[in-house]
Amino acid sequence: MTAKVSYGSVEVGTELPAQSFPVTRATLVQYAGASGDFNPIHWNEKFAREVGLPDVIAHGMFTMAEAVRVVTDWAGDPGAVVDYGVRFTKPVVVPNDDKGALIEVSGKVAAKLDDNLVRVDLVAMCDGKKVLGMSRAVVRLA
């Protein structure tokens, strides 16, 4: 696969389509099974509160993965992402209800680099709070 977006078609400031990602307790259990991360802060409300959290929280790596989907969906090829990093700034609190939480992600091209590479800066929000800081992906475009 190769990126579907051409380097020549983007400019600094090009906005990627924003996306929202719902997260429920069931989502967290599925992710725990896939990742092997069964830390009780991700599924046990009593334990999470005992260690000072407001409630069960989403896995940081899950949050990071959901956010980069904005980039991979836009580029059309997950392999086009050559570098990606974030800082975890706030937890995604996932209440035990039918609604769960919603991670809202937007992004824009922040820099055009050499060799058909662009840097995309992402903003990931949940419940009005920025949950990822310095969220940046370097993407090789067509």
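A residue counts as buried when its relative accessible area is under 20%, as exposed when that area is over 50%, and as partly exposed in between. By this cut-off aspartate 55 is buried, because its relative accessible area is 8%. The model in which these values were computed is a predicted one.

The protein chain has 142 residues, and buried residues make up 40% of them. Its secondary structure consists of 3 helices and 5 strands. Along the sequence these elements follow the pattern β-α-α-α-β-β-β-β. Taken along the principal axes, the C-alpha atoms fill a box of roughly 50 × 30 × 25 Å.

The structure contains 8 salt bridges. One of them joins the side chains of arginine 25 and glutamate 45, with an N to O distance of 3.5 Å. Arginine 25 belongs to helix H1 (residues 25–35) and glutamate 45 to helix H2 (residues 45–50), so this pair ties together parts of the chain that are 20 residues apart in sequence. The two partners fall into separate classes of exposure. Arginine 25 is buried, since its relative accessible area of 14% lies under the 20% cut-off. Glutamate 45, with a relative accessible area of 28%, is partly exposed.

Aspartate 55, introduced above, takes part in a salt bridge with arginine 49, in which the closest N and O atoms are 3.6 Å apart. Here the acidic partner, aspartate 55, is buried at 8%, whereas arginine 49 is partly exposed, with a relative accessible area of 44%. The two pairs described so far belong together: Arg25, Glu45, Arg49 and Asp55 are linked in a network of salt bridges.

A further salt bridge is formed by the side chains of glutamate 50 and lysine 46, at 2.6 Å from N to O. Both residues lie in helix H2, where a spacing of 4 residues places them about one turn of the helix apart. Glutamate 50 and lysine 46 are both exposed.

A nonpolar patch on the surface is made up of Val29, Phe38 and Trp43, which together have about 340 Å² of accessible area. Within this patch, phenylalanine 38 is located in the loop between H1 and H2. Phenylalanine 38 is exposed, because its relative accessible area of 52% is over the 50% cut-off.

The largest pocket encloses about 270 Å³ of space. Its lining is formed by Pro54, Lys90, Pro91, Val93, Pro95, Lys99, Gly100, Ala101, Leu102, Cys126, Asp127 and Lys129. By residue class, the lining divides into 7 nonpolar, 1 polar and 4 charged residues.

Asparagine 116 is placed in the loop between strand E3 (101–112) and strand E4 (117–126). Its relative accessible area is 31%, and asparagine 116 is therefore partly exposed. Asparagine 116 and leucine 141 are 25 residues apart in sequence, while their C-alpha atoms are 5.4 Å apart in space.

Note on methods. Residues are numbered from 1 along each chain as its sequence is written. This is a predicted model: local features need pLDDT of at least 70, side-chain atom pairs count only at pLDDT 80 or more; totals for chains, interfaces and linings use all residues. Side-chain values use heavy atoms; hydrogens and water are left out. On a 1 Å grid over the protein atoms alone, a cavity is a set of points where a 1.4 Å probe fits but cannot get out, and a pocket is an open set with protein on both sides within 12 Å along at least five of seven lines; lining residues have an atom within 4 Å of a point. Grid points are joined across faces, edges and corners, and a volume is the space filled by probe spheres set on the points. Ala, Val, Leu, Ile, Met, Phe, Trp, Tyr, Cys and Pro count as nonpolar, Asp, Glu, Lys and Arg as charged, and the others, Gly among them, as polar. A salt bridge is a side-chain nitrogen of Lys or Arg within 4 Å of a carboxyl oxygen of Asp or Glu. Helices (H or I, at least four residues) and strands (E, at least two) are DSSP runs, numbered from the N terminus. Buried means under 20% relative accessible area, exposed over 50%, partly exposed in between (1.4 Å probe, protein chains only). Patches are made of residues with over 30% relative accessible area and no salt bridge: like charges are joined within 9 Å, nonpolar side chains (Val, Leu, Ile, Met, Phe, Trp, Tyr) within 5 Å. Accessible areas come from the Shrake-Rupley method with a 1.4 Å probe; for residues, only the protein chains shown count as cover.
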